[in-house]
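Biologist: Please take a close look at one part of this model, the place where the protein meets a DNA strand. After that, please describe how the protein chains sit against each other.

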Protein chains: 2
Amino acid sequence: MQPTPSIENYVRKYVDLNDEELAHFASAFKEVKVKKRQFLIQPNFVARHRYFVLKGAVRAYVVAEDDQDNTIQLAIEEWWISDYNSYMFQQPASMFVMAVEDSTLLQISFEDEQRLKASNYKYETFFRMIAERAAAFMQRRVITSLTMSAEQRYDLLIEKYPEMANRFPQYVIASYLGMTTEFLSRIRKQKLRSKG
Amino acid sequence: MQPTPSIENYVRKYVDLNDEELAHFASAFKEVKVKKRQFLIQPNFVARHRYFVLKGAVRAYVVAEDDQDNTIQLAIEEWWISDYNSYMFQQPASMFVMAVEDSTLLQISFEDEQRLKASNYKYETFFRMIAERAAAFMQRRVITSLTMSAEQRYDLLIEKYPEMANRFPQYVIASYLGMTTEFLSRIRKQKLRSKG
DNA sequence: CAAAAAAGTTGAACCAGTTCAACGTTTTTT
DNA sequence: AAAAAACGTTGAACTGGTTCAACTTTTTTG
């Protein structure tokens, strides 16, 4: 992940495309640059795009009744992000999607994605594969939230996605893990004490 | 859902198949009958199949350190069930999948599913669509677990999937919702009192 | 670089949900 | 039909994590 990723390299990890296909696939995406704190998706508007992060960091969150924000998804280089319930079913979003750093993204519209999938079997396969991975990832997240303590969930994030913990502020990590920023602060303090 | 569903009717909701395709698709599935409390998948074994419920009720759960079981998935007629992290990546399972009622299922093996997807564009599209729906469903579950109280989560289940609440014992529903069976008992008691 | 805004820390009181143990009820098995 | 097993309920003590408010540190902005 050191060099800036490309959608061409990414798609090739899943399906074998020739140069022409690769160019055609890539042409459906449009590069967009966003500043820190800029919104890509807002509640009540339909999410027209999904985004692939080339550079930067983006989060998706919902604001609950009590005004707390709960982070639903994190994305850095080579991750996808959107409000999937809004994007896939083209219904009003419930999430904010916001840049946490100045970021460069590739966006694809719902319609262009449909055309892409209809135009080439391999593209369909690609989107099937990333959907399967997303479902499996989400299922792991459900499992950890049901079975692990706040501290264990934090440890797991650090172990499996150390990069995430560095790129996002602590209150974002805390809300992603389903705890308050104060409690995460206490967990980290305790680790410092016991580890030196 | 009154009459027993069929995989033919189900797949037609997503893609338009002619009679020959329909028969070919259906032939990849094998009907299996299981008795109440029988296991379909167990931890440490690779999940070789995914299952489509024709009749009955099935649950997937993980057993945590403290011996509590946490329900990850519920399935009744026309729902799919498996340990997706095991099935999709063909790695050892972490879940039990167990029949809660005597059930009739259609099973498809990982290899047959791969062959199916490779043999016809429309089958690939079908599996892409159900994977997307699974991802969106799981994301909604993450949202509710992050943003709602135990009582609100129960209310939402009753509202959106009333059938589920009737078909599964209360301790299964409780563990699916991320609370103890005792606490769900108290929630229900309180509702009885206030509603009559 | 000063001021303001955002992010992180700490203590003390609090509470939503858990735990444990005992008991009642329903379902399954023989 | 009796016994056993599974499921559900209740009370009382408890705890993992929250809340609130005040404060410190870091980052952003003019």
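Modeller: In this predicted model, a side-chain N or O atom of B:Tyr171 lies 3.0 Å from a phosphate oxygen of DNA strand D. Chain A also reaches the backbone of the strand: a polar side-chain atom of A:Lys36 is 2.6 Å from a phosphate oxygen of DNA strand D. A:Arg186 has a contact with a base, since an N or O atom of its side chain is 2.9 Å from a base oxygen of DNA strand D. Two or more residues of the surface near DNA strand D come from each of these elements: α9 (181-195) of chain A, and α8 (170-177) and α9 (181-195) of chain B. The most is given by α9(B), with four residues.

In total, 17 residues surround DNA strand D, and those that come nearest are A:Lys36, A:Arg186, B:Gln170, B:Arg186 and B:Lys189. On the DNA side, 71% of the atoms of strand D within 4 Å of the protein belong to sugar and phosphate. On the protein side, the surface near DNA strand D is made of seven charged, five polar and five nonpolar residues.

Both chains take part in this surface, with elements from chain A and chain B. A turn of 180 degrees, with a shift of 0.0 Å along the axis, lays chain A on chain B with an RMSD of 0.0 Å. This is the relation of a two-fold axis. The copies meet through the same surface, because 98% of the interface residues of chain A are also interface residues in chain B.

The contact between the chains takes 45 residues from chain A and 44 residues from chain B. Together the two chains bury about 3400 Å², and 62% of this is on carbon and sulfur atoms. Of the area that chain A buries against chain B, 21% is supplied by A:Tyr121, A:Gln139 and A:Leu146, more than by any other three residues.

Charged and polar groups also meet here. The rule finds four salt bridges across the interface of chain A and chain B. One joins the side chains of A:Arg128 and B:Glu124, with 2.4 Å from N to O. Across the interface there are also 23 residue pairs in polar contact. On the side of chain A that touches chain B, β5, α3, α4, α5 and α8 of chain A each give two or more residues. The most comes from α5(A), with 20 residues. By class, that side of chain A has 19 nonpolar, 15 polar and eleven charged residues.

Conventions:
Residues numbered from 1 in each chain as written. Chains lettered and ligands numbered in written order. Predicted model: local features only at pLDDT ≥ 70, side-chain atom pairs only at ≥ 80, totals over all residues. Heavy atoms only, no water. Near = heavy atom within 4 Å. Polar contact = N/O pair within 3.5 Å; in protein donor to acceptor, adjacent residues only side chain to side chain. Nonpolar A, V, L, I, M, F, W, Y, C, P; charged D, E, K, R; others polar. Least-squares fit on C-alpha atoms with pLDDT ≥ 70 in both. Contact = heavy atoms within 4.5 Å. Buried area = accessible area lost by both parts, 1.4 Å probe.
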